[in-house]
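Please prepare a short report on the model shown below, with attention to its ligand site and to one of its helices.

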Amino acid sequence: MNTEKKATAQSTEEIFIDVSTEAKSVIDAIQSRHSIRNFLDRPVEPEKLQSILENALRAPSWKNAQPWKVHVVTGQARDRMSAALKEAALNGTPHPETPWLESYPANIKKRMFDLGMRVYGVAGIERKDKEARDRFMLRNFEFFDAPVALFITSTLETNFFVGIDIGCFLESLMLLCRHHGLGSCPQAALGAFPEVVKAQLSLPQDERVICGLSLGYPDNTDLNRFHSPRESLDSLVQFYS
Ligand SMILES: Cc1cc2nc3c(=O)[nH]c(=O)nc-3n(C[C@H](O)[C@H](O)[C@H](O)COP(=O)(O)O)c2cc1C
């Protein structure tokens, strides 16, 4: 990457980056990323974690609002969080601060259902086996055994564009994980019991728990090799000329 510093009309020194050359590794990161739901018992090197977070903070946001905060949970704090979330999940129903959509149009519902069935399939779970499905759901709160759990929060009110900002940030985190040979799973489930997260991390009440991201080294099971399908370009992209 060709970086240079220039004085601008405002006479401050600005950084300019030559973006006319190809970024060679982005496509591979995008194409190979998928959600990881089984992590190895292998710690993530602190310098990798630091680098992922530092670079992800470059994500764009509406008027550079940067409406996110990240809480990095590892070690005993991670274990305590997992136990508390599991207990909440076993004894209550989700009540996220950012409401989950209750209904979707039929075509999108079908996509979601198909994906669910395929994930259960590779996880060796029978559709009718509710107990196994519940156990699998509970794995969210074990962070799928990942050694690192990130909790993304915001003090801004729930708003579509805040969601877009946080989505940009999340995708950056996930692609950076791929850059470092790590896997990740974005999880709305980690925002299902916000009072638990706030109590564990001593967060103020007005800091909304949006979602989480588990990350670590993926194991090589079918569940982790599974690459979910996407709609074709023709069906989702319209060109005009
Ligand atoms: C905002 C968001 C929330 C998600 N929440 C969960 C979750 O709680 N648990 C989970 O296992 N996967 C979760 N996922 C992962 C999606 O199921 C997954 O991204 C989607 O099925 C596409 O598969 P892929 O990530 O493997 O490409 C979430 C993804 C996003 C973007």
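How far is an oxygen atom of the ligand from an N or O atom in the side chain of Arg-33? The separation from Arg-33 is 2.9 Å.

## Basis of the model

This is a predicted model, in which local features need pLDDT of at least 70 and side-chain atom pairs count only at pLDDT 80 or more, while totals for chains, interfaces and linings use all residues. Residues are numbered from 1 along each chain as its sequence is written, and side-chain values use heavy atoms, with hydrogens and water left out.

## Ligand site

The ligand is surrounded by 14 residues (a heavy atom within 4 Å), of which the closest are Ser-35, Arg-37, Asn-140, Ala-188 and Arg-230. An oxygen atom of the ligand is 2.8 Å from an N or O atom in the side chain of Arg-230, and one is 2.9 Å from a polar backbone atom of Ala-189. On its own the ligand has 620 Å² of accessible area (Shrake-Rupley method, 1.4 Å probe), and the protein covers 66% of that area.

The shell around the ligand comprises 6 nonpolar, 5 polar and 3 charged residues. Strand 5 (residues 183-187) gives the most to this shell, with 3 residues.

## Helix 3

The 17 residues of helix 3 (residues 75-91) should span 24 Å, because the expected span is 1.5 Å times one less than the number of residues; the end C-alpha atoms are 25 Å apart, which agrees.

The buried residues of helix 3 (under 20% relative accessible area, 1.4 Å probe, protein chains only) include Arg-78, Met-81 and Leu-85. Its buried residues pack against strand 3 (69-73), helix 5 (130-138), strand 4 (148-154) and helix 7 (194-201), with contact meaning heavy atoms within 4.5 Å.

Key: Polar contact = N/O pair within 3.5 Å; in protein donor to acceptor, adjacent residues only side chain to side chain. Helix = DSSP H or I, 4+ residues; strand = E, 2+ residues; numbered from the N terminus. Nonpolar A, V, L, I, M, F, W, Y, C, P; charged D, E, K, R; others polar. Buried < 20%, exposed > 50% of the residue type's maximum accessible area, 1.4 Å probe, protein only.
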